[in-house]
Amino acid sequence: MSAAQSRLRQARAAGRSLEARDRTRGFTLLELLVAITVLSIVSIIAWRGLDSLVHTRERLEPEATDVRALLTTFGQMERDLSQVANPKFLGLTQSPVIVSAADGSTLLQLARIAPASADRPTEVQTVYYRVIDGTLTRQATAALPGFQTIPTDRLESARLLTNVRTLYVRTWSPNGGWVDPNVVQDPAGGTATAASAVIPGVEVTIERGDG
């Protein structure tokens, strides 16, 4: 091979190397502008979606808290009512569920079996549900060997539900259906119940401040 042919081959190899470098040198300005535009559009869409999610969460969080409070309230009432004492077993002379009016609002009073404790005999509690300053409040005596009157300031109080306007309670009578215990029923009408009888059902209605 002559020296001229060798130089020609070297020149061709150098040319191919330059072309390869030209082909892999990177993006053009137009390609960069297109990429930036697409990235901006995707970022805006993602931001709008995240912003909508945050606003939805902020709007629903108070409602979720309110629902949890309602579930807690009625769950506690259900537990108390399920443990209502049998008046014959404990020698009560009145019904273990009493609905009365106190300070212009409804008072629900329950005589229940206290939660069991190890190495302790069966104990009892008196539980009160009433609306105090717009808050449905549960007040209870400590677990005691027998039912007794406890001063209000010694009761254990728990605030269950805020923004409550009224508490309305009806009891079930086997002969008369749902009746308002605060309304005197005519025994001849078949709605009277023995004073110490166990009430078979209680209906609780809570009216909130927003209706």
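**Exercise 1.** In which strand is the place of Arg130? Determine also whether Arg130 is buried or exposed in this predicted model.

*Solution.* Step 1: Arg130 lies in strand 3, which spans residues 124–132. Step 2: the relative accessibility of Arg130 is 17%. Step 3: buried means under 20%, so Arg130 counts as buried.

**Exercise 2.** Identify the side chains with which Gln139 makes polar contacts, and describe the setting of Gln139.

*Solution.* Step 1: Gln139 belongs to strand 4, residues 135–140. Step 2: with a relative accessible area of 5%, Gln139 is buried. Step 3: the Gln139 side chain is joined to that of Arg130 by a polar contact of 2.9 Å, and to that of Ser157 by one of 3.3 Å. Step 4: beyond four places in sequence, the residues in contact with Gln139 include Tyr128, Ile132, Thr152 and Leu155. Under the same exclusion of sequence neighbours, Arg130 touches residues including Thr106, Leu107, Thr137 and Leu167.

**Exercise 3.** Which residues have the most contacts inside the largest nonpolar core, and which strands each supply at least two of its residues?

*Solution.* Step 1: the largest nonpolar core has 18 residues, and Leu108, Tyr129, Leu136, Leu167 and Ile206 have the most contacts inside it. Step 2: strands 1, 2, 3, 4, 5, 6 and 8 each supply at least two residues of this core. Step 3: apart from this core lies another, of five residues, among them Tyr128, Leu144, Ile150 and Leu155. Step 4: Tyr129 touches Leu108 and Leu167, among other residues over four places away in sequence, including Gln76, Met77 and Asp80.

Technical notes
Residues are numbered from 1 along each chain as its sequence is written. This is a predicted model: local features need pLDDT of at least 70, side-chain atom pairs count only at pLDDT 80 or more; totals for chains, interfaces and linings use all residues. Side-chain values use heavy atoms; hydrogens and water are left out. Helices (H or I, at least four residues) and strands (E, at least two) are DSSP runs, numbered from the N terminus. Buried means under 20% relative accessible area, exposed over 50%, partly exposed in between (1.4 Å probe, protein chains only). A polar contact is a pair of N or O atoms within 3.5 Å; within protein, one must be able to donate a hydrogen and the other to accept it, and residues adjacent in sequence count only if both atoms are side-chain atoms. Contact means heavy atoms within 4.5 Å. A nonpolar core is a set of buried Ala, Val, Leu, Ile, Met, Phe, Trp, Tyr and Cys residues joined through side-chain atoms within 4.5 Å.
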